[in-house]
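Reader: I am new to reading protein models, and I keep meeting labels such as buried or stacked. Could you walk me through how such labels are earned?

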Amino acid sequence: MKAFHPYFLPTLVTHYQQEAGEMLARMDQLYTKIYDTSLATSKNPIDKRLSFSAYFLAKIQCLDEKGESFEQIRQVCLLIANDFVQPKNSFQRLIKKWPSYFVQTWLGKLLIQNLKKEVEKPGHPDGFVARIITDKNATHGLGYGIDILECGICKQFQKQNYTRFTSILCEVDHMTTSLAGLEMFRQGTIALGAPICDFRYKLKK
């Protein structure tokens, strides 16, 4: 969990100054209760996101305990998420955009086929299940899209009775997609009541 501190602490210091250290310690405590360490052995690669989302939820719980409003919690969350996903140098910026072009190569297509086998099977009862779409006609010509059939983040938040905050993490998807040089199209998310989260992308011009 200490690996997440550098991304969370600056925003906490900005908004809560003297309380930031105490809040971080409380988040560490909450994280150990939220994150199921057996998820680390899951063979579904999407489940790796659940460690970060657990710390994100710990922060939400900490702010909720302080009596902050939903909108204040949302704003703090998005500031922290932005710090987390932003590339720190030109090399990282290049790496973030590289996959959007790589998926269109023969090697990228081969890796996507292998990825399909891993994400379409549940690696953990509390994890993700997804379906990868490779039909170019259904993916704006990119040849890659993904439907989330079971959302591990929704399950995680639901277990803690914090479902009203789950949609905040859906907003982070727009940040990561933009940094990858893509435009995202999504009809709905499980967090907001849709049966699936349907991610489709198009290369930015």
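Reader: How many aromatic pairs does the count come to here?

Author: Keep in mind that this is a predicted model. Ring centres must lie within 6.5 Å to make a pair, and by this rule the count comes to 14 aromatic pairs.

Reader: What makes the pair of Y7 and F84 edge-to-face?

Author: Two values settle it. The ring centres of Y7 and F84 are 4.8 Å apart, with 80° between the planes. The distance has to be within 6.5 Å and the angle over 60 degrees, so the pair earns the name edge-to-face. This pair also links distant parts of the chain: Y7 belongs to helix α1 (residues 5-16) and F84 to helix α4 (residues 70-85), 77 residues apart.

Reader: Why are Y7 and F84 called partly exposed?

Author: Y7 has 27% relative accessibility, and F84 has a relative accessible area of 28%. Buried would need under 20% and exposed over 50%, so Y7 and F84 both count as partly exposed.

Reader: And why is the pair of F70 and F165 called stacked?

Author: Here the planes meet at 20° and the centres are 5.4 Å apart. Because an angle under 30 degrees counts as stacked, that is the label for F70 and F165. F70 lies in helix α4, while F165 is in the loop between α7 (152-159) and α8 (167-179), so the pair ties together parts that are 95 residues apart in sequence.

Reader: Which of these labels fits F165, buried or exposed?

Author: F165 has a relative accessible area of 2%, and the limit for buried is under 20%, so F165 is buried. Its partner F70 has 35% and is therefore partly exposed.

Reader: Which residues form one aromatic cluster?

Author: The cluster is made of F4, Y7, F8, Y31, Y35, F52, Y55, F56 and F84. F56 is worth a second look. Setting aside neighbours within four places in sequence, F56 is in contact with F8, C77, I80, A81, I168 and L169. F56 is also among the residues that touch the most other members of the largest nonpolar core, along with F8, I60, I146 and I148. That core has 57 residues, and helix α3 (residues 49-65) gives the most to it, with 10.

Reader: How do you know that K59 lies over the face of F56?

Author: K59 is 4.0 Å from the ring centre of F56 and lies over its face; the distance limit is within 6 Å. R164 lies over the face of Y162 in a similar way, at 5.2 Å from the ring centre.

Reader: Why is S42 called buried, although it is in a loop?

Author: The label rests on accessibility. S42 is placed in the loop between α2 (20-34) and α3, yet its relative accessibility is 9%, under the 20% limit, so S42 counts as buried. Beyond neighbours within four places in sequence, S42 is in contact with D47, G123 and H124. Its side chain also reaches the backbone nitrogen of N44 at 3.1 Å.

Reader: What makes β1 and β2 a strand pair?

Author: At least two bridges are needed, and strand β2 (residues 145-150) pairs with β1 over five, in the antiparallel sense. Across this pairing, I133 has G145 as its bridge partner, and I132 stands opposite I146. Strand β1 (residues 129-133) is mostly covered, with four of its five residues buried.

Reader: How many bridges join β2 to β4?

Author: Four bridges join β2 to strand β4 (residues 197-203), and these strands run antiparallel. There, I148 stands opposite C197.

Note on methods: Residues are numbered from 1 along each chain as its sequence is written. This is a predicted model: local features need pLDDT of at least 70, side-chain atom pairs count only at pLDDT 80 or more; totals for chains, interfaces and linings use all residues. Side-chain values use heavy atoms; hydrogens and water are left out. Rings of Phe, Tyr and Trp (its six-membered ring) pair if their centres lie within 6.5 Å; planes under 30 degrees apart count as stacked, over 60 as edge-to-face and the rest as tilted. Helices (H or I, at least four residues) and strands (E, at least two) are DSSP runs, numbered from the N terminus. Buried means under 20% relative accessible area, exposed over 50%, partly exposed in between (1.4 Å probe, protein chains only). A charge sits over a ring if NZ of Lys or CZ of Arg is within 6 Å of the ring centre and within 35 degrees of the ring normal. A nonpolar core is a set of buried Ala, Val, Leu, Ile, Met, Phe, Trp, Tyr and Cys residues joined through side-chain atoms within 4.5 Å. Contact means heavy atoms within 4.5 Å. A polar contact is a pair of N or O atoms within 3.5 Å; within protein, one must be able to donate a hydrogen and the other to accept it, and residues adjacent in sequence count only if both atoms are side-chain atoms.
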